[in-house]
Each structure stands twice: as structure tokens, then as C-alpha cells.
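Please open the structure in a viewer and keep the sequence panel at hand. The selections below are meant to be made in the order given.

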Amino acid sequence: MDMSTRAMEGDLSRLKAITRHENDKGTRQDIQNTFTEYMSLYDESKGGSVEVRKSKYTTMVNQFYDLATDFYEFGWGQSFHFAPRHKWESFESSIARHEYWLGHKLNLHKGGRALDVGCGVGGPMRAIARFTEANIVGLNNNAYQIERGKKLNQEAGLSHLCSFMKADFMKVPSEDNTFDAVYQVEATCHAPDKVGIYKEIFRLLKPGAMFGGYEWIITHRYQDSNPDHVRMKKGIEVGNGLPELETADHILACLKEAGFEIIEHTDLADTGDIPWYYPLAPSFSVTGFLHTNLGRYMTGKFCQLLELVRLSPPGAYATNVMLQQTAHDLVEAGRHKIFSPMYFVLVRKPL
């Protein structure tokens, strides 16, 4: 089977990248050093803290995606996000529908120009561009992901609609009132200052234009006094390159402070027939084998073997272990309903 047909479900061909046999050495640091530096940001004994992570957010997020990108593509696909899923709906169909729905809510159309904030390798951007025929600029500060995204745009035949801009999303090198719409898919959770990122998006939008997206939040069920809740929250933060998870009320307050009019907001986590965390939970699926416990276990052992025989660089196995642990934390937090990766918010810049 041509692996390009499995773009959303996981891509076995990315093993070549995990073993660092692709010609990309100029865009990523040594994996072991990157892993050590990244983990120190969460280790209080080594000076790690929320404040340090926020002050070093660019380094932290870049290090995280240098480590995680190939594993994400290998086991998940080109769209690095979750989605509510309905009965008889496949994993990849739910991912695509989640993206199309966002394009629809933003009223994107042919000739329009949108900004995808924190676009990853461009999975959502390509899906939305194909669906709406809008021109979309993917904003990303990670050189390796942009390199991958440009290649995938060409392979998809969408380079005429999809492009990339390398920049810090807190300081975008574009003029005021540039875009007809801005969106983000589980990306602004990486921002060190929510008001700051929303003010920057507000600046970039044309008057009357909309910003929408899916935020990661801790829900009202989360309790700081519950050590299990605290453990799960920290596990999600460590395993996903986040400075700190926030509540929905905090997100809405920051959007209002930035100047936006709130149009719509709702948590989509419980709107599907199948839990959003199901692909990470213990289960078996022939088509989604890489998502299963057995698939993840075998991937980890394979990475360990490659590292032992020096076909994979030191640090690949440790990265896999970190991502396996955060998968467990995400499932546990989802089952306890203390966390959601899909708090949908749609806002408008006033005329």
C-alpha cells in the first residue's frame, strides 16, 4: 500500500525519520541532548518551573517538536490533534470532519486568506484549504516541521493554496488587518501569555473577521487538592510541551481582554459517541494498530532495539517512553473528565 494513503492514520514510512536516516540533520539538534534539556524545564530540582517554561517557551516548544514530530506522524498522522468521533465513523474521518467544521464556522471560501497559528506539518491546513479553496498561511517556528510541511504540500498538490511562515506566534512579522480569518488547532496552549497571543491574533485580523479554534483546558472537575489530578495535569504538560494548562473561564477572560467579541464557546469533548481519547486507550483495531497498547508497546521496543544496535540515535527510546506516558495521562484525565483538548471558541474582531 502507498503510505501516502494512510496520511491521517499513521505512516510507517516515518520510521526512516525516527532513525534519522533522512537528510534533515541541519534542522534538528542531537536528540539525546534535546531530550535532556527539555526534561530539565519540568524538573524543579534543576530549576524547572512554570515561570522558566514561559520565559523559554520558544526553546521548549521547538525542542518538544524536534523530539515528537516523527513519532506523531508515525503513530497518528499529519494532523496532530484529537476530535469527537461518532458511531460508524473512522478515526481519520473524525479528524477531517473536525477540520472541515472549523473552516465552515469561520466562513472560509475561495479567495479568502487565513492564518493557521501553530500549524505543525500542515495536516489541518491542507484539509481546510482543499475543502474551502481558501489561501492558508501556516505559522510555525519549528524549522523541521516547516521542511516536512512544504514537502507534504507538494505531494498533495496544494502548494498553490498552502504556504508557511517561520515566526514566533507571539511576534508575527505581518501588517495589521492582514487576514480574513485566523484559526488554531490545539496550538495556543503552548503560548506563555494567553492575552499576548490573542492580542497578536486580534492585530492580524481584519475588522469584522473571526478567530476560532480548539483549546486545551482543565475542566471544573479538576481539583488542586487531589494529588492524582495534579499528577495527570503535570503529565500532560510534560508530555506535550506546555507551560501550564488553564481553565475555560481563563481562556474566555483573556480573549475578552484582548478585545474580542465572544460569538460561541463550548466543550466538544462529550459530543461524540466514542470518547476522544479512545485511540490512545487499551483496545485493538486492525486499521489503527499503531494506536493500540500493543502497537505502542511494539513501537517502543523497536525504538529500543534500534538504539541498542545504533541504527537510531541515543534518546529515541526515551522520547518514545515520554510520549507513551503522556498517552496514559491523557486517557486517565479524559476518563476523569478533568481535561479537554477541544474547547471550541469562536470570536470576532469588532468593526
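The tour of this predicted model goes from a set of paired strands to a covered helix, and then to two individual residues.

**Strand E4 and its partners**

Select residues 179–185, which form strand E4. Six of the seven residues in E4 are buried, so that the strand is mostly covered. Next add residues 113–117, strand E1. E1 and E4 run parallel and are joined by four bridges. To look at one pairing in detail, display Asp116 together with Tyr183, its bridge partner in E4.

Now add strand E5, residues 205–218. E5 is also parallel to E4, and six bridges join the two. Keep Tyr183 displayed and add Gly212 of E5, which stands opposite Tyr183. To follow the connection, select helix H8, residues 194–204: the chain passes from E4 through H8 to E5. This β-α-β crossover is right-handed.

**Helix H6**

Move to residues 123–132, helix H6. How many of its 10 residues are buried? Eight are, and the helix is mostly covered. Colour the buried positions: Gly123, Pro124, Met125, Arg126, Ala127, Ile128, Ala129 and Thr132.

Then show what these buried residues pack against. Their surroundings include three strands already displayed or still to be added, namely E1, E4 and strand E2 (135–140). Strand E3 (162–166) also takes part in this packing, as do helix H5 (91–105) and helix H7 (143–156). Before leaving H6, select Glu133, just after the helix, where phi is positive at about 65°.

**Asn240**

Select helix H9, residues 227–240, and within it Asn240. Is Asn240 buried or exposed? Its relative accessible area is 7%, which is under the 20% cut-off, and therefore Asn240 counts as buried. Show the side chain of Asn240 and the backbone oxygen of Ile236; the side chain reaches that oxygen at 2.7 Å.

**Phe260**

Finally, select Phe260, in the loop between helix H10 (248–257) and strand E7 (261–267). Phe260 counts as buried because its relative accessibility is 5%, against a limit of 20%. Which residues beyond its neighbours within four places in sequence are in contact with Phe260? Display Tyr198, Ile201, Phe202, Leu205, Phe211, Leu255, Val347, Arg348 and Lys349. As a last step, draw the C-alpha to C-alpha distance from Phe260 to Leu346: the two are 86 residues apart in sequence and 9.6 Å apart in space.

Terms used:
Residues are numbered from 1 along each chain as its sequence is written. This is a predicted model: local features need pLDDT of at least 70, side-chain atom pairs count only at pLDDT 80 or more; totals for chains, interfaces and linings use all residues. Side-chain values use heavy atoms; hydrogens and water are left out. Buried means under 20% relative accessible area, exposed over 50%, partly exposed in between (1.4 Å probe, protein chains only). Contact means heavy atoms within 4.5 Å. Two strands pair if DSSP finds at least two bridges between them. A crossover is right-handed if, with the strands pointing away from the viewer, the path from the first strand over the helix to the second runs clockwise. A polar contact is a pair of N or O atoms within 3.5 Å; within protein, one must be able to donate a hydrogen and the other to accept it, and residues adjacent in sequence count only if both atoms are side-chain atoms.
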